[in-house]
Amino acid sequence: MAERFFPNHRQAALALLNGDHRVSRKAGQFLGQIAVDSSPLSVAQSAWLAKLLARAGLPPMAEGRA
């Protein structure tokens, strides 16, 4: 089975917001912001998003994959 990844941070954020995943208010605000902003994420933002995706059992980001 092929491994799946989110192609961008906006789709990853929307998956977390639209799914049945528990997130804090602070995380929800962060996800809402990055869902509508196509600007590149900082290293800290990328790390936080990766952590939220892992906690929810969702695929990681595709960025940095060969």
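**Three helices around a nonpolar core**

Let me start with helix H3, where the buried residues are Leu-49, Leu-52 and Leu-53, buried meaning under 20% relative accessible area with a 1.4 Å probe and protein chains only, exposed meaning over 50%, and partly exposed lying in between. These three cover an arc of only 100 degrees around the axis, which puts them on the same side of H3, the arc being that of the directions from the helix axis to the C-beta atoms.

Before going on, I should say that this is a predicted model, in which local features need pLDDT of at least 70 and side-chain atom pairs count only at pLDDT 80 or more, while totals for chains, interfaces and linings use all residues. Residues are numbered from 1 along each chain as its sequence is written, and side-chain values use heavy atoms, with hydrogens and water left out.

On the other side of H3, Val-43, Ala-44, Ala-54 and Arg-55 are exposed. The helices I mention are DSSP runs of H or I with at least four residues, numbered from the N terminus. H3 has 14 residues and reaches 20 Å from its first C-alpha to its last, close to the 20 Å expected at 1.5 Å a residue, where the expected span is 1.5 Å times one less than the number of residues. Just after H3, Gly-57 takes a positive phi of about 75 degrees.

What, then, covers the buried residues of H3? The cover includes H1 and H2, and that brings us to the core. The largest nonpolar core has 13 residues, and Leu-31, Leu-49 and Leu-53 have the most contacts inside it; such a core is a set of buried Ala, Val, Leu, Ile, Met, Phe, Trp, Tyr and Cys residues joined through side-chain atoms within 4.5 Å. Helix H1 (9-18), helix H2 (25-36) and helix H3 (43-56) are the elements that give two or more residues to this core, with the largest share, five residues, coming from H2.

Turning to H1, its buried residues are His-9, Ala-12, Ala-13 and Leu-16, and they lie on the same side of H1 because they cover an arc of only 100 degrees around the axis. His-9 counts as buried because its relative accessibility is 6%, and its side chain reaches the backbone oxygen of Ser-39 at 3.5 Å, a polar contact being a pair of N or O atoms within 3.5 Å, where within protein one must be able to donate a hydrogen and the other to accept it, and residues adjacent in sequence count only if both atoms are side-chain atoms.

Terms used
Contact means heavy atoms within 4.5 Å.
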